[in-house]
Amino acid sequence: MSESPDDFEKAAQARPPGLWREVWTLLRTNKKWWLLPILIALAAVGVLIAVAVAIPSAAPFIYSLF
């Protein structure tokens, strides 16, 4: 076996990209731009749920949105 690592070995030893970089690469390379509004809507609902759990007094105002 040779001493210099080939591209496969370099990629195996490199630090893996994060989740958001993986999603961005998927959207960019596969041209799946229609997924972006869905992801934004899911993130907004997640933020609303987190706010409702963290601040109980805000729950009635958030529930009235739905």
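Where is D6 found relative to α1 (7-13)? I looked this up in what is a predicted model, and I noted that D6 sits in the segment before α1, the helix that covers residues 7-13.

I then checked how open D6 is, and I recorded a relative accessible area of 42%, so D6 is partly exposed, given that this class lies between the 20% limit for buried and the 50% limit for exposed. Looking for a partner of its side chain, I found that a polar atom there lies 3.1 Å from the backbone nitrogen of E9. I also took the separation between D6 and R21, which are 15 residues apart along the chain, and their C-alpha atoms came out 24 Å from each other.

Next I turned to α2, which runs over residues 19-30 and so holds 12 residues by the DSSP assignment. From the first C-alpha to the last I read a reach of 16 Å, close to the 16 Å expected at 1.5 Å a residue. Just after α2 I noted K31, whose phi is positive at about 55°.

How many aromatic pairs does a search of the whole structure find? I obtained 1 aromatic pair, and this is W24 with W33, in an edge-to-face arrangement with 5.6 Å centre to centre and 65° between the planes. The label follows because planes over 60 degrees apart count as edge-to-face.

Are W24 and W33 buried, partly exposed or exposed? I entered W24 as partly exposed because its relative accessibility is 43%, and I entered W33 as partly exposed because its relative accessibility is 41%.

Key
Residues are numbered from 1 along each chain as its sequence is written. This is a predicted model: local features need pLDDT of at least 70, side-chain atom pairs count only at pLDDT 80 or more; totals for chains, interfaces and linings use all residues. Side-chain values use heavy atoms; hydrogens and water are left out. Helices (H or I, at least four residues) and strands (E, at least two) are DSSP runs, numbered from the N terminus. Buried means under 20% relative accessible area, exposed over 50%, partly exposed in between (1.4 Å probe, protein chains only). A polar contact is a pair of N or O atoms within 3.5 Å; within protein, one must be able to donate a hydrogen and the other to accept it, and residues adjacent in sequence count only if both atoms are side-chain atoms. The expected span of a helix is 1.5 Å times one less than its number of residues. Rings of Phe, Tyr and Trp (its six-membered ring) pair if their centres lie within 6.5 Å; planes under 30 degrees apart count as stacked, over 60 as edge-to-face and the rest as tilted.
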